[in-house]
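These are my notes on the model you sent, set out as numbered points. Please read them beside the coordinates.

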2 protein chains.
Amino acid sequence: MSKSPVIAPTDAYSALLTRMRELRVADSIEQILDWDSETYMPRGAAAHRGEQAALIAGVAHERRTSDELGALLERAARETGGDPVRETNVREMRRVHERAVKLPTALVQEIARSTTVAKEAWSRARADRSFSAFAPHLQQILDLKRQVAERVGWDSEPYDALMDEFEPQARAADVQRVFDELKRELVPLVQALTSAKRQPDLALLSRPAAVEGQQRFNRLVSEAMGFDFTAGRLDISTHPFCTGITTRDVRLTTRYNERYMPQSLFGVMHEVGHGLYEQGFLAEHEFTPMAAAVSLGIHESQSRMWENMVGRSAAFWRHFYPRLQAEFDSYRDVPESAWVFAINNVRPSLIRVEADEVTYGLHIMLRFEIERRMIAGKLAVADIPQAWNEGVRSLLGITPPDDAAGCLQDIHWSLGIFGYFPTYQLGNLYAAQLYAAAERAMPDLEAKIAAGQMRPLLDWLRTNVHHHGRRYRAHELVKVVSGSELSPRPFLDYLNGKYRALYGV
Amino acid sequence: MSKSPVIAPTDAYSALLTRMRELRVADSIEQILDWDSETYMPRGAAAHRGEQAALIAGVAHERRTSDELGALLERAARETGGDPVRETNVREMRRVHERAVKLPTALVQEIARSTTVAKEAWSRARADRSFSAFAPHLQQILDLKRQVAERVGWDSEPYDALMDEFEPQARAADVQRVFDELKRELVPLVQALTSAKRQPDLALLSRPAAVEGQQRFNRLVSEAMGFDFTAGRLDISTHPFCTGITTRDVRLTTRYNERYMPQSLFGVMHEVGHGLYEQGFLAEHEFTPMAAAVSLGIHESQSRMWENMVGRSAAFWRHFYPRLQAEFDSYRDVPESAWVFAINNVRPSLIRVEADEVTYGLHIMLRFEIERRMIAGKLAVADIPQAWNEGVRSLLGITPPDDAAGCLQDIHWSLGIFGYFPTYQLGNLYAAQLYAAAERAMPDLEAKIAAGQMRPLLDWLRTNVHHHGRRYRAHELVKVVSGSELSPRPFLDYLNGKYRALYGV
């Protein structure tokens, strides 16, 4: 960033910075309300929370769409002087503004209100294992989001208009091609691994681990990864998430199971990966697109890289396994190699967030296909459970016993989030391609990690990914950093290399 | 409320209800932000929180002061048809509107922003025991609040304009007369008790009590008092408080000390007293002045009644002491009478929130005198520590070792809250007068409490205080419920009766 010429601030650009800041402040209030409703809000307060969310969403939307902002963007666009920071901020703010002006405030508020209520309904329906109680809420949200797609506009299919919010410029047809290519190798790989003679001992993952011990160990790992707890938190929620309110206020959540410790451990490493990105933007760019994530796919690349490529590597556990054994008595007699094999077990399963790296992509393909059909009007809400269960059978060869383990497992649709799921799998691809670049840049990376030193990787990510903010689009960033276009190849190479060795196939 | 005639809704009043609701929603967002910053916000996030608070305070202020609201209030005032609910809502909304229109949005936002930063500065200054680090923040806030007083307007002194926000229609000169009358009896009572031969064993209050045990016991007591945890929470903060976001979302905080369990126990009973009031408004009036507290003095009457008149009574402990002993091993050998005497010890001390019922009023008189002089421009910020320490010496005969135990102990000024302290002592007076009325209405009240039954008292408070919302002013409510004007007599009778018996003087 420091290479750009110094330009005196102009009125339009300074005024634009003020508007950006005010807008981020409004959005950040909505983030606090969301965080609160996921963590500490009393159950009885859900309906009122919807009113609050609608109010602040309305304020933010008015600011995002104001004519004054539009005029400022026009003027500032002529005054960037070729400065890449300014160009980025104007271009990205404009993208947000132009999308937002297509959406009436009433529609935005209606979505905020409905999703707040629907999220609670989803939570209850999941607990009751009953899709039908959630169906009317989902229908309402689907109708609203289809209105959004129509108003935003699309070339090939309405799904693109929704996905564009999360992964700018991505197209469903392109994603489908990449996913098809992946599927061709993933399905046989899963078969090879599940039918291998050498298999991990999964029972050892269920050894007792007190919540207090998990909290201590998670904290140890999070701090070693570089997460700054004076500028962040870790709390408990039903559905783990990370919300970056500012670089100085990044909040993660997890959930604990005393008979399945890996859930929170890898969940926390995942959210810390997101959190490091949010804490890693340059303070000088706070509240502008230069201090915001490129896309959800790039965001997910950070979480998956830390969770899987680091957290499930043999190198990582060379340093941390003795510390894990010191915390959990029940692991004293478990050899390090058995632990590493077990946390890398591959097995078709029902719950996406608990799926292994290899089958994970198949869960995403299922959701991508179903929601694409929903948005296209080719799948009725009432038919979702059946479509879901058939898809799981076809891709993974197993059947959910109920909707809680099926189409009710994810929170996303209740929040009105469609077109988000594919970014999870894109994240895996980005992660592998970026990590391969990091390894080329730092040949001793694995040795450092094996010595418990994760700072070199974080510093590399800071410089090569975080500090750029939204300067590059996702596909540009991948090319700038790795030297090549996005390809599923590095991810498949990573999977084949790691898993065929572990399973001896 | 049910006695009022049924009137068809008119356009102006219905529209007014909608506006009231929107306004409460905005205010309630500010409450969530405040609660978050006191409980879970990472330290690094304070500056940004100021921006958030300023934004939402601005939105609320614009709504509170809009010409449309003013016009609606005019029309609705002509359409109440004598209905007391409508009359109350229109009158009280008008009071809020007329006060708010005198304050420019920029001033309101500046106060929200400055106090958010000052609160953090106060917290650090208190930890460092250094008033000088806080002084510039306090000076800024004092200047802003003096501007408020001038804009709101006053007859006798600017302090009245500020106190009116918390205790409508109260006047500093009247409060001074009541406080002087109290002081005449309190000072000799304190002398009689401190020089009595019979004295409690205070050491037993410092017996070890694990935080987990305190949390369990606090919960037991809170639920027995009738607090609904599906519509509320209890968290930890430096300065305990209660915030009623809606009747279905009431949040209390406390702090724990393993070597001084009564702090959190009585702190929680105090906050639950506030919380029961907030949960006790009628749901049909939610978001209107009919579902809001009369004044802070009346609010405090609820907290002090539960904390002191119930929580420090011999009757209460007849039921709960065996339960306390069951939770805390360290109290197994402490006789019930020794415990009851110890929790009712009277002793001049430095910290207001830890002061006993008898000396508490003297702490309030000190603050009332100092802040009245600050607002009148008769006491410079730099001179506060000296004035404080001299006041403590004169009223209580002791001297603070540093400002943390002196003028930095309370959060209020950092929040821009002046004219609030006297409502604490008014609360004690209201509490005694209301409780005497409850005893006349229910001669078996003490016996019920001794049997662990607190529902009769809560039901009486619901009917006689909570359900009225803001229908009556504080002095009217006291008269309606007790049959007489406010007087310090019931409070002094209560203190003399209880403490002279305990101390044998």
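1. In chain A, β1(A) is joined by five bridges to strand β3, residues 249-254, and the two strands run parallel. Within this region G232(A) stands opposite V250(A), the latter lying in β3(A). Please keep in mind throughout that this is a predicted model.

2. The pairing just described belongs to an open sheet of three strands in chain A, whose order is β1-β3-β2 and whose pairing is mixed. Its edge strands are β1 (232-236) and β2 (242-246) of chain A, each of which pairs on one side only. On average, and with direction ignored, neighbouring strands of this sheet are turned by 20 degrees against each other.

3. Chain B likewise holds an open sheet formed by three strands in the order β1-β3-β2, with mixed pairing. Here the edge strands are β1 and β2 of chain B, each pairing on one side only, and the twist from one strand to the next averages 20 degrees. The antiparallel part of the pairing can be followed in β2(B), which pairs with strand β3 (residues 249-254) of chain B over four bridges; C242(B), for instance, stands opposite L252(B) in β3(B).

4. How are the two chains related? A rotation of 180 degrees, with 0.0 Å of shift along its axis, superposes chain B on chain A at an RMSD of 0.0 Å. That is the relation of a two-fold axis.

5. The contact between the chains draws 27 residues from chain B and 27 residues from chain A. On the side of chain B that touches chain A, at least two residues each come from α1 (11-39), α2 (46-65), β1 (232-236) and β2 (242-246) of chain B, and α1(B) gives the most, with seven residues. By residue class, this side of chain B divides into 14 nonpolar, seven polar and six charged residues. The interface residues of chain B are, to 100%, also interface residues in chain A, so the copies meet through the same surface.

6. Which residues have the most contacts inside the largest nonpolar core? They are I29(A), I56(A), I29(B) and I56(B), in a core of 268 residues. Once its neighbours within four places in sequence are left aside, I56(A) is in contact with A26(A), I29(A), E30(A) and L33(A), and also with I29(B) of the other chain.

7. Helix α7 of chain B, residues 158-166, deserves a separate remark, because eight of its nine residues are buried and it is therefore largely enclosed by the rest of the structure. The buried residues of α7(B) are P158(B), Y159(B), D160(B), A161(B), L162(B), M163(B), D164(B) and F166(B). They pack against five helices of chain B, namely α6 (131-152), α8 (172-194), α11 (296-310), α14 (357-375) and α16 (421-441).

8. Is R367(B), a residue of helix α14 of chain B, buried or exposed? R367(B) counts as buried because it has 22 C-beta neighbours inside 10 Å, where the cut-off for burial is 20 or more. R367(B) also illustrates a contrast between sequence and space, since R367(B) and F421(B) are 54 residues apart in sequence and yet 6.7 Å apart in space, taken from C-alpha to C-alpha.

Methods
Residues are numbered from 1 along each chain as its sequence is written. Chains are lettered from A and ligands numbered from 1 in the order in which they are written. This is a predicted model: local features need pLDDT of at least 70, side-chain atom pairs count only at pLDDT 80 or more; totals for chains, interfaces and linings use all residues. Two residues are in contact if their C-beta atoms, placed from the backbone, lie within 7 Å. Ala, Val, Leu, Ile, Met, Phe, Trp, Tyr, Cys and Pro count as nonpolar, Asp, Glu, Lys and Arg as charged, and the others, Gly among them, as polar. Copies are superposed by least squares on the C-alpha atoms of residues with pLDDT of at least 70 in both. A nonpolar core is a set of buried Ala, Val, Leu, Ile, Met, Phe, Trp, Tyr and Cys residues joined through C-beta atoms within 7 Å. A residue is buried if 20 or more other C-beta atoms lie within 10 Å of its own, exposed if 12 or fewer, and partly exposed in between; C-beta atoms are placed from the backbone. Two strands pair if DSSP finds at least two bridges between them. Axes are lines fitted to C-alpha atoms, for helices over the stretch in contact, and angles run from 0 to 180 degrees between N-to-C directions.
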